[in-house]
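Good morning, colleagues. I should like to take a few minutes to go through one structure with you, beginning with the packing of its helices and ending with its aromatic rings.

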Amino acid sequence: MSDKDNTFSTGQIKKISECHSSLGKNNQLAAPKLQRWKDLNQAIIDWMNNDAIEETSIAIAEKNNFQFYDEIQKKILSNLFSKYRELYPKKDTEFEFSYITKDTTQVINNEEYAITSHFTYSYNDGVSTEFVKLKTAHDPDPSLIDRAILTKFRKDNEEYITAALEKNELQDIELVDNPDAIIEQHFEILKSYITNRQKRNPGDHCSICNMASRCGQFPLINSDKITNRVREVKISKTNLVKLNNCERRAAWNVQYGIPREDFVEFETESTATKFHTYTQQMLVNNQNFLDVKNIDLFNDLTTDEEATLRENLFKKYSELITKLKEYKNLKITDSEYQLGFTCIVDGVSTKDGEVIEKKVATIFMGKADLVGRADGVPIIVELKTRPEIPEDLLEAQLYALGASLILRTEEVIVLHVYSLNDQTFNKERRFELSELDSVKKKFIEISKKPASWLPFDALSTRYTIGDWCQYCEFKTTCSEYR
Ligand code: SF4
Ligand code: SF4
């Protein structure tokens, strides 16, 4: 067995593959959803190890592990617990629950490294063993590297199962045809990490990363350093807009992970998404985007689209270029780029069911459509296929402050281009030092809201009823708990 420090779980390898910097020391990310998983796991262990009659062992496990949660989260936990008991009723088998793993090792730079696939439980009936991964997410499939490790080290009397509680089913973990190649590929990811552990690669994964307040991508705006005693909350641009209308709606998304009522497994790519994707492909690092011949190349990207849609997309793109012509020396260097910052204010937390005072860091983040420079000044271009709404100002402020901090500049342009069916128009906002300073103050005020949300108590957040309720993803649950 390799040295503990050289052991990486398959989950850690996934994080490394997205961004090296994302693997860091644990901090106090306010993540009741993760805590719920741990408490559900402990309830299952307590129930399995209690020989009392079924009703009593269930009641004791629920009391010991779910008591500090509010009614909504208790209901979620009890429901998942009952689904597990249905899938795996108590049997006369040997039950294990600690550090059940399968490892693959390789020597890198004269040291042994291991990649480890973890199981939550195992059941042994004396003849064969069932290894179980407990999953509560909508997408319960184990990763490719998990499946490769299991394929390579599987013994004849072993079965590998995922207990997919959201889907209410037990799923056999599918083995793979080429485990060695997959394992090798993942050790290459590990090698690249060992050579440069700090490499930062912002992307969609920032929204689920525990290092966001420390990696430098989302700088602190009102403090020099952050300690491990600070509780953290992450607010995406979409949730920032929701927070503006109703705290409960934002909090249930970002802090409590309350299941959404509008969950859809597959969504067709909308015209707006297509326009974004093709435009980004055309503009990033393209010095010639103003040339007529270059504009025509847009049509080469859309050959698979239906004729009317193609025409519509091309019209929007040509009109966008006309708007961009107004900027001298414009260079677009990146797309879907994460910008934001971190504010630390006084707030609350809970300890053993009691409310305590605690500093809370809120990390505001959003993905800018296009970023670059116009005559040396940082510019962010946001592509909208809907009319202007008041919240676009909030978005512009988030990007402007984020860009000024990470690029250390005192001027930022945010340009919204509205590509509607009958016209294209734009709105430019220039932020200089005094504007950036008021944006900073505004966001410090906003961050007092998440700082007041009590972990474990989803009902501690204020709610505001309004027109927005009709589109809310928690409509039914919310009205039940008002
Ligand atoms: S927040 Fe993003 S850039 Fe920073 S460490 Fe995490 S994944 Fe990397
Ligand atoms: S239904 Fe309305 S009040 Fe309730 S969380 Fe949603 S937006 Fe807020």
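Helix H5, residues 144-153, lies across strands S4 and S5, and its course makes an angle of about 95° with S4. Please bear in mind throughout that this is a predicted model.

What is the sheet beneath this helix? S4 and S5 belong to an open sheet of three strands, in the order S1-S5-S4, with mixed pairing. Strand S1, residues 7-9, and strand S4, residues 100-108, each have a single partner strand, and therefore stand at the edges, with one side lacking a neighbour in the sheet. On average, and with direction ignored, neighbouring strands here are turned by 25° against each other.

S4 and strand S5, residues 111-119, run antiparallel and are joined by nine bridges. Within this pairing, valine 107 has glutamate 112 of S5 standing opposite. A further helix, H1, residues 10-18, also packs on the sheet. H1 touches S1 and S5, and its direction is at about 85° to that of S1.

I turn now to the aromatic rings. How many aromatic pairs does the count give? The count comes to 22. Let me take tryptophan 47 and phenylalanine 81: their ring centres are 6.1 Å apart and their planes stand at 90°, so this pair is edge-to-face. Tryptophan 47 sits in helix H2, residues 32-48, and phenylalanine 81 in helix H4, residues 71-87; with these positions 34 residues apart, the pair links distant parts of the chain. Are these two residues buried or exposed? Tryptophan 47 has 0% relative accessibility and therefore counts as buried; phenylalanine 81, with a relative accessible area of 0%, is likewise buried.

A second pair is formed by tyrosine 278 and phenylalanine 298. Their ring centres are 6.1 Å apart, with the planes at 80°, so this pair too is edge-to-face. Tyrosine 278 belongs to helix H9, residues 271-283, and phenylalanine 298 to helix H11, residues 298-301, at 20 residues apart. Both tyrosine 278 and phenylalanine 298 are buried.

Elsewhere, ring pairs join Tyr84, Tyr88, Phe95, Phe97, Tyr121 and Tyr123 into a cluster.

Finally, which residues lie over the face of a ring? Phenylalanine 81, already mentioned, has arginine 85 over its face, at 4.4 Å from the ring centre. Lysine 133 lies over the face of phenylalanine 119, at 4.7 Å from the ring centre.

Thank you for your attention.

Key
Residues numbered from 1 in each chain as written. Chains lettered and ligands numbered in written order. Predicted model: local features only at pLDDT ≥ 70, side-chain atom pairs only at ≥ 80, totals over all residues. Heavy atoms only, no water. Phe/Tyr/Trp six-rings, centres within 6.5 Å; stacked < 30°, edge-to-face > 60°. Helix = DSSP H or I, 4+ residues; strand = E, 2+ residues; numbered from the N terminus. Buried < 20%, exposed > 50% of the residue type's maximum accessible area, 1.4 Å probe, protein only. Lys NZ or Arg CZ within 6 Å of the ring centre and 35° of its normal. Pairing = 2+ DSSP bridges. Axes fitted to C-alpha atoms, helices over the stretch in contact; angles between N-to-C directions. Contact = heavy atoms within 4.5 Å.
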